[in-house]
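Visitor: Could you walk me through a few residues in this model? I'd like to go one at a time and ask as we go.

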Amino acid sequence: MIDQAKVRVLLLESIHRDAVSRLEAEGYHVESVRNALDESELLERIPGVHLLGIRSKTKVTAKVLEAADSLVAIGAFCIGTDQIDLPAASAAGVAVFNAPFSNTRSVVELAIAEIISMTRRLTEKNALMHEGVWDKSADGAHEIRGRRLGIVGYGNIGTQLSVLAENLGLHVSFYDTADKLALSNAHRCASLEELLETSDIVTLHVDGRPGNAGFFGAEQFKRMRPGALFLNLSRGIVVDHVALRDALSSGHIAGAAVDVFPKEPKGRGDEFVSELRGLPNVILTPHIGGSTEEAQSDIGDFVANKLAHFVADGNTTLSVNLPGVALPEQSGMSRIVHVHINTPGVLANVNSILAKHHVNVEGQLLSTRGEYGYLITDISGGYSDEVLDQLRGMEQTVRLRVLS
């Protein structure tokens, strides 16, 4: 059982103050660090930490999880979780939570703003004005109305962008490897090639799983329509930036907006290095798609709540890697949460051990997902250490926690 007053929380990458306040309100000891930590730094800091909060830059590897002797949950204060070794987290019984919805609007609004800016060539006009050059010309400037937007990845962000883009007069096509329902008048493309060959603007909203590394390169840029625009507000590893630079330099691609990069500085003020620096009609932003005050506040509150409820009552609703289970609290009960390998007979074995020691079950809920199962059991009355030892000793047990 974890004493609330002794719960240690490590938050990295300047997570919003709302998250700090929420976790401190639970009585936890919270340490907030401005920058990301690399693996060696995290290995030094992780022992004794019960809750870890990160954003997109910190990598939680299997080696880090092995060194995490007290860790019960990880909060990804962002959408993506590919920076976390999820199989290793599951194998250690560590729950992972993210914020799949909180910053989608911020990302979508940035994409819309960048599409308009590039279509009107505002970046170049702005640069000339700052140099004292008055270039009042319509050459190369267009309305977005009537143009076709191609969305690669039709998830929470892609679908919301689809709806707003249509309201602005854009025609929308999308491509996704999963079977997704088209919203409004959006056209589903049968292949990525179809989307690239028919879209005036192509925007990527895919995840950063290893299989997507280098997903968009010279071949894909070549298939895009001459004079098309390109955006990537998803993950830096999915785009070959040398190929993008070549496509921009040749004029085949008329403009690009990039918010994410294969290698990003660890912290604010560090030098940013990229092949795309200095190119005209290219908007470069420092991974700020979801960085609005509104989004970061929502994310901080949302993920911190998930972490607090997991510590207090074992609630895994919307966990990324463990089965979702939420059993209402009952006063006067002790709660046992059991992460286990999903094999037949686990529930029967648990209840057999409890019955043998005359432990009365007042409430119980089990859910499974793939390789793992998650069981919450509320019991009344006392229980011996032998009960817990036998539950921990089951061959399927991954992790056992006891909550008051």
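Guide: What follows is a short talk about a few residues and their surroundings.

Guide: This is a predicted model, in which local features need pLDDT of at least 70 and side-chain atom pairs count only at pLDDT 80 or more, while totals for chains, interfaces and linings use all residues. Residues are numbered from 1 along each chain as its sequence is written, and side-chain values use heavy atoms, with hydrogens and water left out.

Visitor: OK, where is E13 found?

Guide: E13 sits in the loop between β1 (8-11) and α1 (17-24); helices (H or I, at least four residues) and strands (E, at least two) are DSSP runs, numbered from the N terminus.

Visitor: And which side chain of opposite charge is nearest to E13?

Guide: That is K57, 5.0 Å away, and E13 has no salt bridge although it is buried. A salt bridge is a side-chain nitrogen of Lys or Arg within 4 Å of a carboxyl oxygen of Asp or Glu, and buried means under 20% relative accessible area, with exposed over 50% and partly exposed in between (1.4 Å probe, protein chains only). For charge, Lys and Arg count as positive and Asp and Glu as negative, while His and the chain ends are not counted.

Visitor: So what lies by the polar atoms of the E13 side chain?

Guide: The backbone nitrogen of K57 is 3.1 Å from a polar atom of that side chain, and the backbone nitrogen of S56 is 3.4 Å from one.

Visitor: Switching to K306, which helix is it in, and what does it touch?

Guide: K306 belongs to helix α11 (residues 293-313). Leaving aside neighbours within four places in sequence, K306 is in contact (heavy atoms within 4.5 Å) with F97, T317 and L318. The backbone oxygen of T317 lies 3.5 Å from a polar atom of the K306 side chain.

Visitor: How far is the nearest opposite charge from K306?

Guide: The nearest side chain of opposite charge is that of D313, 9.3 Å away, and K306 is buried yet has no salt bridge.

Visitor: What about R22, buried or exposed?

Guide: R22, in helix α1, counts as buried because its relative accessibility is 18%. Not counting residues up to four places away in sequence, R22 touches D301, A304, N305, A308 and H309.

Visitor: Last one: why does V163 count as partly exposed?

Guide: V163, which lies in helix α7 (residues 156-167), counts as partly exposed because its relative accessibility is 35%.

Methods:
A polar contact is a pair of N or O atoms within 3.5 Å; within protein, one must be able to donate a hydrogen and the other to accept it, and residues adjacent in sequence count only if both atoms are side-chain atoms.
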